[in-house]
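Student: I am new to this structure. Can we go through it feature by feature?
Tutor: Yes. Take a look, then ask.

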Amino acid sequence: MLIKDRTKSIRIKKLEVIQRRLVRHHPRFLSIEDELGGRLAGHYGEQSNDYFLKPFNSFSVLHDLRLSAHDSFFQIDTLLLSPRFLLILEVKYITGTLIFDHLNQVIRIRDDGTEEAFQNPIFQVKRQQSHLIEWMARNRIPQIPVRSLVVMSNPKTIIKAPPSNKEVSQYITHSPYLQERIKVFEKMFIEEKFTRKQIGKLSKILIHQHTPENPDLLKRYQIEEKDIIKGVYCTKCFFMPVHRKRGTWFCPKCSYKSNDLHLNTLMDFALLFGTKITNQQFCDFLCLSSRHVAKRLLFEMNLHHSGGFKGRIYILPEPE
Ligand SMILES: [Zn+2]
């Protein structure tokens, strides 16, 4: 049963907005495209892996959890909960070959022959496992076996390791073999540690304590407000800026007409600059010349606000 689904992370949403709105000559434009490409590939790789989880209807499935460790956070791609054991899945979509040496260093060789050092996914998943066990103890959750696997969601990824490195076969699997691997755990752990009700309660605590990452990407990429292209964008063809004509938004490129195109643009604003917006900022970001039109659109959105009639601050919905 799917309890918490996978959604695009705030980081990906922010990168998409920056890619859409950053002036093309900005020195970090290509780095933004690079990071976005990599993260989207990861996101879709994880999504394609979800297909292999379908036979495990008896498990409660939670995707994309970010929980507190001592003074930081740890992230889990997918957590399967059953009354007998918990299973962490770290899903990787990797192109090329991964080579593990006897020192547990990992080298990735891309299809074009270039080599790079790679973060060892076995260390990563073992760290998540110990963080989760520690988190459960801290939250007074009764003990239950926790296991973890690295799932390669690209069937073309080649894994090479010396026979002395037993951990590779113990922790890594390609997604078509995931079912078999889970069956082994099911045979290994017979005793029911939790009731269904306790599993439901644990899922609720996990979701409640999940803290989405919200990085300041403008700061990280040294992007200033002046580098951001303003205006309402067309949700059909992504043209920007869309004009306001006789009380509605009109795309000059594809002729799409809609009353509420400003809503998506305000989501961009919230992702870039935060959820507080004044009438002045609204006019500026949407390239609106009339404060009165702005006032009406803001009024129609029924937003929470603070401050008096002048200098009123509206609160946009929190990106999630
Ligand atoms: Zn359009």
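Student: In what sense do β11 and strand β12 pair, and over how many bridges?
Tutor: Here is the general idea. Strands of a sheet pair through backbone hydrogen bonds, either parallel or antiparallel. Now the case here, in what is a predicted model. β11 and β12, residues 248-250, pair in the antiparallel sense over three bridges. Look across the pair, and you find K245 opposite T248 in β12.

Student: What is the strand order of the open sheet of three strands?
Tutor: The order is β11-β12-β13, and the pairing is antiparallel. β11 (243-245) and β13 (257-258) are the edge strands, since each pairs on one side only.

Student: How many helices and strands does the protein chain have?
Tutor: Its secondary structure comes to ten helices and 16 strands. The C-alpha atoms fill a box of roughly 70 × 50 × 35 Å along the principal axes. Of the 320 residues in the chain, 44% are buried. Now take contacts between residues at least 6 apart in sequence: 61% of them join residues at least 24 apart.

Student: Let us try another set of strands. How many bridges join β2 to β3?
Tutor: Eight bridges join β2 to β3, and the two run antiparallel. A hairpin of four residues links β2 to β3. L62 stands opposite L79 in β3.

Student: And how many bridges join β3 to β4?
Tutor: Four bridges, with β3 and β4 again running antiparallel. β3 and β4 also form a hairpin, with four residues between them. In this pair, L81 stands opposite L86 in β4.

Student: Is β3 mostly covered or mostly open?
Tutor: β3 is mostly covered, with seven of its nine residues buried.

Student: Next, empty space. How much space lies in the largest pocket?
Tutor: The general idea comes before the number. Rolling a probe the size of a water molecule over the atoms shows where empty space is left. In this model, the largest pocket holds about 1600 Å³ of space. It is lined by 44 residues, and the closest to its centre are R39, G42, E46, Q75 and D77. Several elements give two or more residues to this lining, including α1 (10-21), β7 (115-118) and α3 (121-138).

Student: Which element gives the largest share of that lining?
Tutor: α2 does, with eight residues.

Student: What classes of residue make up the lining of the largest pocket?
Tutor: The lining has 20 charged, twelve polar and twelve nonpolar residues.

Student: Let us turn to single residues. Where is E35 placed?
Tutor: E35 sits in helix α2.

Student: Why does E35 count as buried?
Tutor: Buried means under 20% relative accessible area. E35 counts as buried because its relative accessible area is 14%.

Student: Which side chains make polar contacts with the side chain of E35?
Tutor: There are R11 and Y221 to look at. The side chains of E35 and R11 are joined by a polar contact of 3.0 Å. The polar contact between the side chains of E35 and Y221 is 2.4 Å. Setting aside neighbours within four places in sequence, E35 is in contact with R11, L15 and Y221.

Student: Why does I109 count as partly exposed?
Tutor: Partly exposed lies between the 20% and 50% cut-offs. I109 counts as partly exposed because its relative accessibility is 22%. I109 lies in strand β6, residues 106-109.

Student: Which residues does I109 touch?
Tutor: Not counting residues up to four places away in sequence, I109 touches T95, G96, T97, I99, T114 and E115. Take T95: I109 and T95 are 14 residues apart in sequence, and 8.5 Å apart from C-alpha to C-alpha.

Technical notes. Residues are numbered from 1 along each chain as its sequence is written. This is a predicted model: local features need pLDDT of at least 70, side-chain atom pairs count only at pLDDT 80 or more; totals for chains, interfaces and linings use all residues. Side-chain values use heavy atoms; hydrogens and water are left out. On a 1 Å grid over the protein atoms alone, a cavity is a set of points where a 1.4 Å probe fits but cannot get out, and a pocket is an open set with protein on both sides within 12 Å along at least five of seven lines; lining residues have an atom within 4 Å of a point. Grid points are joined across faces, edges and corners, and a volume is the space filled by probe spheres set on the points. Ala, Val, Leu, Ile, Met, Phe, Trp, Tyr, Cys and Pro count as nonpolar, Asp, Glu, Lys and Arg as charged, and the others, Gly among them, as polar. Two strands pair if DSSP finds at least two bridges between them. Buried means under 20% relative accessible area, exposed over 50%, partly exposed in between (1.4 Å probe, protein chains only). A polar contact is a pair of N or O atoms within 3.5 Å; within protein, one must be able to donate a hydrogen and the other to accept it, and residues adjacent in sequence count only if both atoms are side-chain atoms. Contact means heavy atoms within 4.5 Å.
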